[in-house]
Each structure stands twice: as C-alpha cells, then as structure tokens.
Amino acid sequence: MRYSLISPTFGRPDEVVEFLESLNRLRYPVDQMEVLLADGTPDDSLRPALASVLAQMKMHTTVLYEKGLPVSDARNRAAEAARGTYLLFFDSDCLIPENHMNALDAALAAQDWDVFGGPDAAAPTFSPLQKAISYAMTSVYTTGGIRGGTQSTDRFYPRGFNMGFKSTVFSALNGYDEGFRCGEDIELSMRAVEAGYRVGLIPEIPVLHKRRATLGQFHRQVTRFGAARIALAQRHPGQLKATHAFPAVFTLSLPVAVVCGALGQWIPAAALLGYLLLIALDAARQGWKVGLLAPAAAVVMHTGYGKGFLRAGWQALRTPALA
C-alpha cells in the first residue's frame with residue numbers, strides 16, 4: 001500500500017460525498033490507495049448518509065467513528081489504522097483532481113520529501129463567492145502566497161487541507177498535538193522543520209478547496225486562524241513574523257481610514273481604496289463577479305484574522321509567562 005488518504009469529518013454529508021466522489025475519480029491503481037475517514041459527528045448521522053457513495057468506492061475505504069472526535073484526534077486515529085508508506089491528509093471540503101496522485105509520484109521521485117504539501121485553488125464550477133474567498137486566502141496581495149500559492153518555499157509550511165508525510169516520519173513526530181486546537185497542522189510542520197526533516201512545497205498537486213459558503217462562516221474561521229498564530233508563536237519562539245501582523249494593522253487602520261475620509265483627509269482613505277481596487281482588478285481575471293466580491297472577502301479575512309490575532313495577543317501579554 002503506497003498511499004493512505006485521510007480526512008477528518010464532522011457532519012456536512014453533501015461535502016463529504018463530493019470529496020469521496022473526487023477520490024473515486026483518481027487515475028491511479030486502486031490497490032495502491034486506501035481511504036480513511038475519522039468521523040466525530042455527534043449524532044452519528046454522517047455514516048448512514050454516506051452509505052451509497054461508500055458502496056461505489058473503488059479503493060478500500062474505512063470510516064472510523066468516535067462521538068465528538070476533534071480534528072487532530074481524528075487525524076491521529078486514522079493514521080494509527082493506516083497501512084500506507086505515505087499518509088496524505090485532506091480536508092473534507094476539498095476536491096482532489098484526477099491526476100493528483102500521478103503528479104505526487106513524479107514529485108516524490110524528483111525530491112525525496114519527508115513532509116510535503118501543495119496549494120489550494122478554486123474550481124471553475126465554484127460559485128463567485130467561493131472563488132472570491134479562495135482568492136482572499138491564496139493571493140500574493142492578501143496572504144503573500146504563504147499557503148503555497150507561489151513558487152517560493154521560504155515561508156511555506158504544509159497545511160492540513162493538502163499535507164503528506166512518510167508514515168515513519170509522522171510516527172517519529174508523534175503526529176498532531178491533540179491539545180493544540182487550531183493551527184495544529186502548521187504546528188506539526190514546524191516540528192518537522194525543527195527536527196531536520198526535508199519539508200517541501202509541491203506546486204503540481206493543488207486541491208480544489210470549497211471553503212466556507214458564507215462570509216459570516218469565513219469570518220469565524222479566520223478569527224480562529226488569527227488566534228492560532230499567537231499560540232504558534234508561544235509554542236515555537238521566533239516563528240512570529242512582521243507579515244503575520246498585517247491583518248491586525250489593517251483592522252486597526254480601517255476605521256481610521258473611514259473617519260479620515262469622512263473628515264476630508266483623503267490620503268488614508270485613498271490608500272485603502274487603492275489596495276481594494278488592486279484586489280478587485282486582479283481577482284476580476286476570474287470573472288467580474290469575483291472581482292466585485294474579492295475586496296469584501298479580503299476585508300472579512302483581514303479583520304477576522306486581525307481580531308483573533310489582537311485578542312489572543314492581548315490575552316498572552318496578560319499571562320504571567322509573558323507579562
């Protein structure tokens with residue numbers, strides 16, 4: 001068994017069905033792959049909803065169930081049951097392109113990565129809002145390409161939506177830290193780098209990431225991401241960079257720019273509008289509707305992340321360890 005494909009699940013049956021259907025279309029020998037879902041849906045309603053698609057799966061597929069299973073615990077439980085030489089972790093809101101495994105084979109033949117990851121992107125069939133949210137999370141103008149959106153690997157740490165390990169390396173690292181509730185994937189990547197393993201970006205293996213369906217859901221998600229950045233800095237000193245504070249600066253500057261504009265002081269307001277116009281024009285390459293929605297998605301992302309970052313940072317400063 002070469003690859004074990006692992007995903008934590010928690011409700012959202014339509015999403016999981018689409019994910020499994022994409023795996024079933026992979027153009028790769030089915031005897032060299034297995035699928036493991038670790039499900040924590042509280043009322044155990046997901047497994048019955050998957051019965052039809054599970055019956056159609058070409059490769060061996062296992063659903064491990066434990067009520068309320070958190071994401072890190074879920075990934076670790078599936079890894080314990082996996083048989084593959086490589087463990088591949090995906091989020092259940094992703095679609096995996098048909099040639100993903102073949103491209104991964106080629107990349108691993110060229111570079112013997114111990115830990116690796118790929119970028120995420122939007123499919124042509126996604127809604128304009130989903131494309132706008134994807135743009136906000138992946139564009140060099142919004143996140144600097146740190147999620148694998150550029151060829152540079154200087155600041156790249158594999159993330160749980162598209163992340164792989166040699167199974168021996170995953171075991172040596174003791175898997176995901178089950179006490180680290182958000183940012184656990186980056187924390188594991190940081191441990192891999194610190195341990196001296198070969199960690200790399202494989203641009204040729206993107207996944208199609210559907211993300212949150214509304215801006216409100218997206219805001220709640222990125223607020224957790226902002227708080228996680230502070231927790232990561234506490235766990236791994238030296239990992240907090242000036243660029244990580246940009247959303248917080250944006251969040252604090254936004255009301256200042258609005259007030260200045262209202263008072264006729266146009267320089268701050270013009271800077272903000274110029275930045276949002278740049279995002280709109282760049283995103284419009286995916287369609288005019290995406291161009292209209294991308295600035296709103298970017299503002300939601302920056303302010304949500306900034307709020308979580310500032311709140312967690314303030315709480316950290318008030319703790320005895322950092323006071």
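These are my notes on how a few helices pack in this predicted model.

**Entry 1: α8 against α9**

I started with helix α8 (residues 184-194) and helix α9 (residues 215-235). The angle between them came out at about 25°, and their axes sit 10 Å apart. Angles under 35 degrees count as roughly parallel, so I logged α8 as roughly parallel to α9. I also noted that the crossing of α8 and α9 is right-handed.

Next I looked up who touches whom. From α8 I got Ile186, Glu187 and Met190, and from α9 Arg229, Leu232 and Arg235. Sorted by class, this contact holds 3 nonpolar and 3 charged residues, with no polar ones.

**Entry 2: α12 on its own**

How far apart are the end C-alpha atoms of α12? I read 44 Å for helix α12 (residues 288-317), and with 30 residues at 1.5 Å a residue the expected span is 44 Å, so the two agree. I still went looking for a bend, and found a kink of about 30° at alanine 294, shortly before proline 295.

**Entry 3: α10 against α12**

Then I took helix α10 (residues 246-262) with α12. They pack at about 105°, axes 7 Å apart. The range 65 to 115 counts as roughly perpendicular, so that is what I wrote down for α10 and α12.

On the α10 side I listed Phe246, Pro247, Ala248, Phe250, Thr251, Leu252 and Leu254. On the α12 side the list reads Val299, His302, Thr303, Tyr305, Gly306, Lys307, Phe309 and Leu310. The class tally for this contact is 10 nonpolar, 4 polar and 1 charged.

**Entry 4: α10 against α11**

Last I checked α10 with helix α11 (residues 266-283). Here I have an angle of about 125° and axes 8 Å apart. That value falls outside the parallel, antiparallel and perpendicular ranges, so α10 and α11 are oblique to each other. The crossing is left-handed.

Which residues of α10 meet α11? I noted Phe246, Phe250, Leu254, Ala257, Cys260 and Gly261, and their partners in α11 are Trp266, Pro268, Ala269, Leu272 and Tyr275. A reminder to myself on spacing: an α-helix has 3.6 residues a turn, so residues three or four places apart point the same way. By class I counted 10 nonpolar and 1 polar in this contact, with no charged residues.

One cross-check between entries: Phe246, Phe250 and Leu254 of α10 turn up in the contact with α12 and also in the contact with α11.

Methods:
Residues numbered from 1 in each chain as written. Predicted model: local features only at pLDDT ≥ 70, side-chain atom pairs only at ≥ 80, totals over all residues. Heavy atoms only, no water. Axes fitted to C-alpha atoms, helices over the stretch in contact; angles between N-to-C directions. Helix = DSSP H or I, 4+ residues; strand = E, 2+ residues; numbered from the N terminus. Parallel < 35°, antiparallel > 145°, perpendicular 65-115°, else oblique. Left-handed = near helix turned anticlockwise from the far one by under 90°. Contact = heavy atoms within 4.5 Å. Nonpolar A, V, L, I, M, F, W, Y, C, P; charged D, E, K, R; others polar. Expected span 1.5 Å × (residues − 1). Bend = angle between axes of the 7 residues up to and from the residue.
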